[in-house]
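Hello,

Here is the structure we talked about. Please open it and keep it on screen while you read.

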Amino acid sequence: MILAVDIGNTHIVIGCIEGERILFVERLYTDTTKSELEYAISFKNVLEIYGIDRSGLKGGIVSSVVPPVTATLRNAAEKVTGREILVVGPGVKTGLDIRIDNPAQLGSDLAVGAVAAIEEYPCPLVIIDMGTATSFTVVNEKRQVIGGMIMPGVGAALESLTGKTSQLPKISLEPPKRFIGSNTVDCMKSGVLYGNAACVDGMISRIREELGREVQVVATGGMAKSIIPCCREKIAIDDALLLKGLRLIYERNRG
């Protein structure tokens with residue numbers, strides 16, 4: 001059994017994996033002010049909630065797009081597991097064939113997601129990660145990562161909307177009663193949910209057009225469950241995609 005941790009700008013995804021089975025998936029807020037001990041206590045509490053015996057942990061792996069907390073989280077995970085923790089980065093084998101201008105620029109989260117998606121879904125493939133940013137990673141029929149797109153995330157766009165307007169309130173993201181809203185809150189909900197869904201649909205259509213063939217699409221990330229059900233394209237939601245990728249990378253580097 002291993003501990004897998006993916007550090008994003010807004011959330012930290014944490015899970016335990018035994019063999020190919022993911023025992024749980026949880027999210028913590030990313031906080032650059034927290035100490036190593038505070039994160040260790042958070043990890044310990046999550047493991048206890050799910051009844052995980054720490055003595056059964058044989059190792060762990062961390063991916064991160066937040067450099068200031070990477071070492072803190074790695075050390076916290078080592079405190080909790082008593083094992084050395086692998087960090088996804090230069091020198092770590094992913095098995096990806098990356099065909100972009102500078103392969104080193106591919107974010108570790110995108111690499112981890114691509115590793116899992118290529119293993120589990122047919123190619124060509126589009127992987128949508130809906131976190132602080134919404135990113136699209138495109139894999140061709142030869143299983144090569146050929147590029148993608150990055151756009152503002154749902155939460156960041158909504159925060160900008162409410163923060164820069166004096167009369168628009170903060171809202172939750174349940175679907176409105178009707179697409180055409182009849183009050184401010186429903187108008188905002190419709191705009192955020194269906195506007196982002198239409199954007200995702202449009203991006204997939206343009207990717208399909210450029211590739212000249214049908215594509216499999218899989219989405220992950222904290223906002224996927226809110227936006228993807230509003231899309232018209234056929235898109236699989238895989239909340240555990242990054243943990244699956246971390247497991248595969250851990251296995252490829254264990255020796």
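Which residue follows H2, and is its phi positive or negative? Gly 82 comes right after H2. Its phi is positive, near 70°. Bear in mind that this is a predicted model.

Now look at H2 itself. The helix covers residues 67-81, which makes 15 residues. Is the length what we should expect? At 1.5 Å a residue, H2 should span 21 Å. Its end C-alpha atoms are 22 Å apart, so the two values agree.

Next, find the buried side of the story. In H2, the buried residues are Val 69, Thr 70, Thr 72, Leu 73, Ala 76, Ala 77, Val 80 and Thr 81. They pack against one helix, H1 (36-49), and against strands S1 (2-7), S2 (11-18), S4 (59-64) and S5 (85-87).

Then turn to the empty space. The structure holds 1 cavity of 30 Å³ or more. About 40 Å³ of space lies in the largest cavity. Three elements give two or more residues to its lining: helix H3 (108-120), strand S7 (125-130) and helix H7 (241-253).

Which element gives the most to that lining? H3 does, with 3 residues. To see the lining, select Asp 109, Leu 110, Gly 113, Ile 127, Asp 129, Thr 137, Thr 220, Leu 241 and Leu 242. These lining residues divide into 4 nonpolar, 3 polar and 2 charged.

Best wishes

Technical notes: Residues numbered from 1 in each chain as written. Predicted model: local features only at pLDDT ≥ 70, side-chain atom pairs only at ≥ 80, totals over all residues. Heavy atoms only, no water. 1 Å grid on protein atoms, 1.4 Å probe; cavity = no way out; pocket = protein on both sides within 12 Å on 5 of 7 lines; lining within 4 Å. Points joined across faces, edges and corners; volume = space filled by probe spheres on them. Helix = DSSP H or I, 4+ residues; strand = E, 2+ residues; numbered from the N terminus. Nonpolar A, V, L, I, M, F, W, Y, C, P; charged D, E, K, R; others polar. Expected span 1.5 Å × (residues − 1). Buried < 20%, exposed > 50% of the residue type's maximum accessible area, 1.4 Å probe, protein only. Contact = heavy atoms within 4.5 Å.
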